[in-house]
Amino acid sequence: MDKETIIVKINDFLVDEFEAEMDDLVPDANLKETLELDSLDFVDLVVAVESEFGVKLVAEDFVGVETLDNFYHLIDVKLN
Amino acid sequence: MGIYSCLGKNLQEVKESLYQGKSGIVFDQDRKEFGYRSALTGGIEIPNLKKLLSRRERISMGEETQFAYVSTLEALKNANIDLSFLEKNEVGIIYGNDSTAKSVIESIDIVRNKKDTTLVGSGAIFKSMNSTVTMNLSTIFKLRGINLTVSAACASGSHSVGLGFHLIKSGMQEIIICGGAQEVNKFAMGSFDGLGVFASDTLPPAEACKPFDKNRSGLVPSGGGATLILESYESAVKRGATILGEVIGYGFSSNGDHISSPNMDGPARAMKNALKQAAISAADIDYINAHATSTPIGDKMEARAIHDTFKDCSPYVSSTKSMTGHECWMAGASEIVYSMLMMEHSFIAPNINLEETDEDSAKLNLVKETIDKKIDVFLSNSFGFGGTNSAIIIKKNT
């Protein structure tokens, strides 16, 4: 799956399931501060990623993941 | 007060249904295919809360909490209590609930299928615990007082009102949100249906539930949410709140007997204890909202208990379960709301589908059709598995 498709799919579930504003979904958006995701939301990110991409993330995968771009990259690495 | 039940989505709709003697019972084909012997249920729409609550708030709520949220929203509005008041004052919550079957089963199915507990999502634990209603509502409404779930089978809602009454009476709290909630889905009631106590005579659905009738064939499960705001008299007067009634008696007892078969002694003692605490005589009760679910043994024992307690006083008696079905964990609270509506609008809702009384119910002053009648004091009975009994007496505010 190419990275553009990954970005579109992630942005789609962030808007549909996490009620994020599309305007906030810029690459340097901070997941916690800009998108206001808390520790419980990260659990739901794991659920959304498994459902959308068939990839099971664990807590260690999120080390160093602070921005949306970091998150896109994480999924890209896992898939490709 | 606030209500969300198979009789309506708010107090006004429910009052109309009660007055008209309108049933909320429907046939559920999905339930039949699932394996139910009796596929009747209260017909209730799941409320859409997307515009009212955030995703974070919604994903921790199962069916029972969604119902309770809607009824509590209505109750707080009617009590003239807003979020700003709740943030500044110590308001508590005591709510009845005794299952979260759908939430538990759905999350366990995910783990079985995916072999990974994280994939149940963050809301699963908060939806699966029995205290789900109070943990969610206390968070949403920023409550800072008592925060407690009452699990007492089909008397849960009634005990919540009784316990709230005592905490206020003792001076420990000024305002408590009390009530009861009950999930309405095929997972919640399958094991209850399996006992063979649900109505076997299912068509037409509106005529299936016949409390006190000689030809009754069992109960019909139902549910929803019912909320009452209990407040000290001083606090209510100070706020200028509309006072609908005064809780004057809470009698409780345990049968000390069989896990599911009721007896006469336990319910009779609960009613007598309530009368004693209220310091009134049996003759002062104008109306009894009976627990009567439409099972032969339950109705018989309650009829005997009422007759034993009230003897020749003959207060009017009806079971609103004839219209609602058995709202289980919610029933004790919803039936107080129904009775409060009757008291407020001066009528007694009928015990529909009552055609032929039996030897025990013939001794009661049963209401078969709506009566326009002023009610000053009523008693509401609620009994549950394990022999838990609760009787609440409420007096009109004059």
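A residue counts as buried here if 20 or more other C-beta atoms lie within 10 Å of its own. With that cut-off in hand, the tour can go through this predicted model one selection at a time.

**Strand β14 of chain B**

Begin by selecting residues 377–384 of chain B, which make up strand β14, and colour them by burial: 8 of its 8 residues are buried. Showing the side chains separates the strand into two sets, with B:Val377, B:Leu379, B:Asn381 and B:Phe383 pointing one way and B:Phe378, B:Ser380, B:Ser382 and B:Gly384 pointing the other way, and all of them are buried.

**The partners of β14**

Keep β14(B) on display and add residues 287–289 of chain B, which form strand β9 and pair with β14(B) in the parallel sense over 3 bridges. Within this pairing, B:Ile288 stands opposite B:Leu379.

Next add residues 388–396 of chain B, strand β15, whose pairing with β14(B) is antiparallel and runs over 8 bridges. B:Leu379 serves again as a landmark, since in β15(B) the residue opposite B:Leu379 is B:Ile393. The two strands β14(B) and β15(B) form a hairpin with 3 residues between them, and in the turn B:Gly386 has a positive phi of about 85°.

**B:Thr293, in the loop that follows β9**

Now centre the view on B:Thr293, which lies in the loop between β9 and α13 (296–310) of chain B. Is this loop residue buried or exposed? B:Thr293 counts as buried because it has 27 C-beta neighbours inside 10 Å, where 20 would be enough. Leaving aside residues up to four places away in sequence, select what B:Thr293 touches: B:Pro211, B:Leu219, B:Gly298, B:Lys321 and B:His326. A distance label drawn from B:Thr293 to B:Ala199, C-alpha to C-alpha, should read 10 Å, although the two are 94 residues apart in sequence.

**The five-stranded sheet of chain B**

Move to another part of chain B, where 5 strands form an open sheet of mixed pairing in the order β1-β7-β6-β4-β5. Its edge strands are β1 (2–4) and β5 (147–150), each of which pairs on one side only. Neighbouring strands of this sheet are turned by 15° against each other on average, with direction ignored. For a detail, select β6 (residues 175–182) and β7 (residues 224–231) of chain B, which run antiparallel and are joined by 8 bridges; here B:Gly179 stands opposite B:Thr227 in β7(B).

**Helix α6 of chain B**

Select residues 101–114 of chain B, the 14 residues of helix α6, which reaches 20 Å from its first C-alpha to its last, close to the 20 Å expected at 1.5 Å a residue. Extend the selection to B:Lys115, just after α6(B), where phi is positive at about 55°.

**Chain A and its contact with chain B**

Finally, hide chain B and look at chain A, which has 3 helices and 0 strands, so that from the N terminus on its elements run α-α-α. Along its principal axes the C-alpha trace of chain A spans about 25 × 25 × 20 Å. Its radius of gyration of 11 Å agrees with the value near 12 Å that a compact globule of 80 residues would have. Of the 80 residues of chain A, 20% count as buried, and residues 24 or more positions apart account for 59% of the contacts in chain A with a separation of 6 or more.

Bring chain B back to see where the two chains meet: the contact takes 9 residues from chain A and 7 residues from chain B. On the side of chain A that touches chain B there are 5 nonpolar, no polar and 4 charged residues.

How values were computed:
Residues are numbered from 1 along each chain as its sequence is written. Chains are lettered from A and ligands numbered from 1 in the order in which they are written. This is a predicted model: local features need pLDDT of at least 70, side-chain atom pairs count only at pLDDT 80 or more; totals for chains, interfaces and linings use all residues. Two strands pair if DSSP finds at least two bridges between them. Helices (H or I, at least four residues) and strands (E, at least two) are DSSP runs, numbered from the N terminus. Axes are lines fitted to C-alpha atoms, for helices over the stretch in contact, and angles run from 0 to 180 degrees between N-to-C directions. The radius of gyration is taken over C-alpha atoms; the globule rule is 2.2 Å times the number of residues to the power 0.38. A residue is buried if 20 or more other C-beta atoms lie within 10 Å of its own, exposed if 12 or fewer, and partly exposed in between; C-beta atoms are placed from the backbone. The expected span of a helix is 1.5 Å times one less than its number of residues. Ala, Val, Leu, Ile, Met, Phe, Trp, Tyr, Cys and Pro count as nonpolar, Asp, Glu, Lys and Arg as charged, and the others, Gly among them, as polar.
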